[in-house]
Amino acid sequence: KMLDSTYQHMCTLIMGLATLFRYAGYDMATFIVESVLHSSHIRDAKSIVNHAGFFGQAVKEISMCISSLMLPIIFNYVKPKWALVLGTFLLCIFTASFLFISNILYFTVNILAGIAFSLLFTGVSTYQMQFSTRETLARNSARASAIAGISLIIGASLYMVISTSDLTSEQHDQASAYRYYSEAETRFMYGALTASLLLSFCIHCFLPDREVKNSVTSQSPHEKMTIREQANTIKSTIFDVSMIKLIPVFVNHGIFCVFSLNIYPTSLQYSSLLSNEYPQLTAYYAYAMFFGTTACGLIVEPLSKYFHDFGLRPLYFLTLGIEALVIFLCLLTVPNWATAHPTDFDSVITPNLFFVVFISFLLGLVDSTIAAANTVYCSRIMPGRASHTYAVGRFFIGTSAAIVFFCSPTLSMFHHSMIQFTFIIASVFSFISTANRIDRLEKTTGRINENCTEEAEHSFSDIKN
């Protein structure tokens, strides 16, 4: 029988590789989805509606919101490993659907993608709890996330190879206005991304399923509830004063994710100034995002040693400061309507490769730190109900993201920045109140604040959101 220590290392490696190939396929698919479907629309308006990329992502977020509230019930009957297998398979269907683009198929698979992410977000954390102890959970999670983070590099490299192939030679009379994707290029690209997801699916099928001695799961077993009990618990969590006060924080998280993972990369392809000069700009964006995500770990760990409870106030306010900076830079360098449709207009400061790379780096950094902060305050605001606060938080995050996606065809860069700045300010006051309540709660119950380095590291398993 394999030693538990060796078994943990093996599971961490396999889990990291499976996640790597899953997101290498999915992330690049979503970065370019609006431009790809716009290209399909101008070739055949009957095949897919205009702005289907935005609307499809909105449908996915709604599906994720609804299904996330049901997850605690689902995990009464499904083991974490098989939740990961099913979620990855559903994402395979999503990317494969781009080989046969149509309205009914596309919006249907976005519903499936929403269910997939609900399964994956919870499945990753619960599976890691199964092969980790309390002492090794943070380490195993951080290592698996570090391996998975390379997915952006692989996806970007794949994009560059395809972008330089002869498949881009097929053009359209509107191709000069933005980054146009030919039908052959679309099929080749999404075929390759689907192959990456299929590889991830196969790896997930062979994930070991044994619990180690003194695992986190054995010490904190999943509490099985009836559907009625679950519904009552979720309802009480949604309407709890602590969660209501956090709504601006969740909304800010949701609209930032929309902007960083969809709106901004879309603007790079819809701006003729950038897309004509740098046809592989989306790959550069992904590379910079990777380094920004990696920088989060390098920043959080040393700062946690010098600041008391760094994972709560310092980490979140640092996140908001960088977020405000990057949105301001986008306001200056992104052509105003490049967020919604192809344009040849300039911005306040003419965009160039340096600004794109720097902004993408900051977006990756904030994307990681905001997820890390989310894990910290959700795990501490309602002791003993962390799984429910995560589910409710995901509900508010997804709802706000869906609303922004639905409105995106009518929102300029100015509109996006004003919305973002509004909720950054609201989040400051909302979070101060929440952090003060956490302090009072933990003093009252005599709970000792844990080292937030571990909390931030553990959150990396949920960063891909």
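This short talk goes through the helices of one chain and how some of them pack.

The model is a predicted one, in which local features need pLDDT of at least 70 and side-chain atom pairs count only at pLDDT 80 or more, while totals for chains, interfaces and linings use all residues. Residues are numbered from 1 along each chain as its sequence is written, and side-chain values use heavy atoms, with hydrogens and water left out.

Let me start with the whole chain, which has 19 helices and zero strands; these are DSSP runs, H or I of at least four residues for helices and E of at least two for strands, numbered from the N terminus. Of the 465 residues in the chain, 56% are buried, where buried means under 20% relative accessible area with a 1.4 Å probe and protein chains only. If we take contacts, meaning heavy atoms within 4.5 Å, between residues at least 6 apart in sequence, then 86% of them join residues at least 24 apart.

Now to helix H8, residues 183–205, whose 23 residues should span 33 Å at 1.5 Å a residue, and whose end C-alpha atoms are 32 Å apart, which agrees; the expected span is 1.5 Å times one less than the number of residues. Its buried residues, including Glu185, Met189, Leu193, Leu197 and His204, pack against helices H1 (4–31), H2 (33–43), H4 (80–96) and H7 (151–163). What does Ser200, which is found in H8, touch beyond its neighbours within four places in sequence? Ser200 is in contact with Ala18, Phe21, Arg22 and Thr88, and Ser200 is buried, with a relative accessible area of 0%.

Two of H8's partners, H1 and H7, also pack on each other: their axes, lines fitted to C-alpha atoms over the stretch in contact, come within 8 Å and cross at roughly 55°. H1 and H7 are therefore oblique to each other, given that angles under 35 degrees count as roughly parallel, over 145 as roughly antiparallel, 65 to 115 as roughly perpendicular and the rest as oblique. On the H1 side the contact includes Leu20, Tyr23 and Asp27, and on the H7 side Leu152, Gly155 and Tyr159 are among the residues that make it.

Finally, H4 packs with helix H5, residues 103–131, at an angle of about 150° and with the axes 7 Å apart, which means that H4 is roughly antiparallel to H5.

Conventions
Buried means under 20% relative accessible area, exposed over 50%, partly exposed in between (1.4 Å probe, protein chains only). Axes are lines fitted to C-alpha atoms, for helices over the stretch in contact, and angles run from 0 to 180 degrees between N-to-C directions.
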